[in-house]
Amino acid sequence: MLLVLDIGNTRLKWAEFEGDRIVGRGAIFLAEVAQFVERAGFAQRRPERVVGSHVANVVTRERVERQFAALGLTVDWIASSASACGLRNGYSEPARLGTDRWAALVAAWQRGLAPCIVAGAGTALTIDQLDERGHFLGGAIVAGYHAMLGGLAGNTAALSVDAGEWAPQPTTTRDALATGAIDAMVGAIERSERRLAGVLRARGVSTAPRVVLTGGSAYRLLEHLPPDTLVVDSLVLEGVRLLAQ
């Protein structure tokens, strides 16, 4: 069994793979990561190999490594590169692209979803443009839903993070907060989609790019995006598995 890890800024997500099939998965907040291996039961069902992506701090990574070292296992961490799995990395310094973003792009390409916008809606919202040739053109990073609300609460005396629901014409402060955050995120995705569509039109490509969402806030955004928008919860984990091969 191959165990795949995705350590973000807030949670550690994991999946167990047999071949290309997920047979188990879960998540844990980073505050609880010191008990990860015990709580997930990996001492009892020891994986054959552990691979992962991490964008968290070094302390979190080392805590995970020590737990698997106690089982006689080394965690292999993926790295972003100039190319992999048929995908080309357009970052000016390819190795500096977050490995979670790189993995999600690889998985989207291997799933045949290009051209597309790959939007990772986690602590931050990453919005990456993938063309029909398998070339990552570049991407944007904006605050995620909770980070946006937390920033407002920390810098505006009369506001808190107690957001309500999205509304077309918000009439309460709580709904105004939720609506503003979601509209800002959706607007950033739509602007990136339009820019990618412009590149494709200039090349004579008739296929319109679709939006592919992943991350904890993906479903907050889904209903506000085009009908062909796809949510793939396991996108980063799938990409880590592909890169590990």
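## Briefing: one chain, from overall fold to single residues

Among contacts in the chain between residues at least 6 apart in sequence, 53% join residues at least 24 apart. Keep in mind as you read on that this is a predicted model. Its secondary structure comes to seven helices and twelve strands. Below, the chain as a whole comes before a handful of residues worth a look in your viewer.

**The chain as a whole**

- A compact globule of 245 residues would have a radius of gyration near 18 Å, and the chain has 19 Å, so the two agree.
- Taken along the principal axes, the C-alpha atoms fill a box of roughly 55 × 50 × 30 Å.
- Of the 245 residues in the chain, 45% are buried.
- The chain exposes about 11,700 Å², and carbon and sulfur atoms supply 49% of that area.
- There are 25 positive and 25 negative charges, and their mean positions are 3 Å apart.

**Ser80 and Asn89: two buried polar residues in contact**

- Ser80 sits in the loop between β5 (75-77) and β6 (83-84), while Asn89 belongs to strand β7.
- Is Ser80 buried or exposed? Ser80 counts as buried because its relative accessibility is 8%, which is under the 20% cut-off.
- Asn89 is likewise buried, with a relative accessible area of 8%.
- Which backbone oxygen does the side chain of Ser80 reach? The partner is the backbone oxygen of Leu97, at 2.7 Å.
- The side chain of Asn89, for its part, reaches the backbone oxygen of Ser81 at 3.1 Å.
- Beyond its neighbours within four places in sequence, Ser80 is in contact with Asn89, Pro94, Ala95, Leu97, Gly98, Thr99 and Trp102.
- With residues up to four places away in sequence left out, Asn89 touches Ser80, Ser81, Ala82, Pro94, Leu97, Trp102 and Phe136.
- Pro94, Leu97 and Trp102 are thus among the contacts of Ser80 and also among those of Asn89.

**Backbone geometry to check**

- As background, most residues other than glycine have a negative phi, and most peptide bonds are trans.
- Cys85 has a positive phi of about 55 degrees, although it is not a glycine.
- You will find Cys85 in the loop between β6 and β7 (87-89).
- At 30% relative accessibility, Cys85 counts as partly exposed.
- The peptide bond from Ala114 to Pro115 is cis, with omega near 0 degrees.
- Pro115 lies in the loop between α3 (99-110) and β8 (116-121).

**Ala121 and Ala143: strands β8 and β10**

- Ala121 is placed in strand β8, and Ala143 in strand β10 (residues 135-143).
- Ala121 is buried, with a relative accessible area of 0%, whereas Ala143 is partly exposed at 34%.
- How many residues along the chain lie between the positions of Ala121 and Ala218, whose C-alpha atoms are separated by 5.5 Å? The two are 97 residues apart along the chain.
- Ala218 is also one of the contacts of Ala121 outside its neighbours within four places in sequence, together with Thr214, Gly215, Gly216, Ser217 and Leu221.
- Ala143 and Ala121 are 22 residues apart in sequence, and their C-alpha atoms are 9.2 Å apart in space.
- Not counting residues up to four places away in sequence, Ala143 touches Thr123, Ala124, Leu125, Met148 and Met185.

**Phe29: a partly exposed aromatic residue**

- Where is Phe29 placed? Phe29 is part of strand β3, which covers residues 21-29.
- Phe29 has a relative accessible area of 48%, so this residue is partly exposed.
- The C-alpha atoms of Phe29 and Gly8 are separated by 9.5 Å, with the two residues 21 apart along the chain.
- Once residues up to four places away in sequence are set aside, Phe29 touches Thr10 and Arg11.

Notes
Residues are numbered from 1 along each chain as its sequence is written. This is a predicted model: local features need pLDDT of at least 70, side-chain atom pairs count only at pLDDT 80 or more; totals for chains, interfaces and linings use all residues. Side-chain values use heavy atoms; hydrogens and water are left out. Helices (H or I, at least four residues) and strands (E, at least two) are DSSP runs, numbered from the N terminus. Buried means under 20% relative accessible area, exposed over 50%, partly exposed in between (1.4 Å probe, protein chains only). A polar contact is a pair of N or O atoms within 3.5 Å; within protein, one must be able to donate a hydrogen and the other to accept it, and residues adjacent in sequence count only if both atoms are side-chain atoms. Contact means heavy atoms within 4.5 Å. The radius of gyration is taken over C-alpha atoms; the globule rule is 2.2 Å times the number of residues to the power 0.38. Accessible areas come from the Shrake-Rupley method with a 1.4 Å probe; for residues, only the protein chains shown count as cover. Lys and Arg count as positive and Asp and Glu as negative; His and the chain ends are not counted. The place of a charge is taken as NZ of Lys, CZ of Arg, CG of Asp or CD of Glu.
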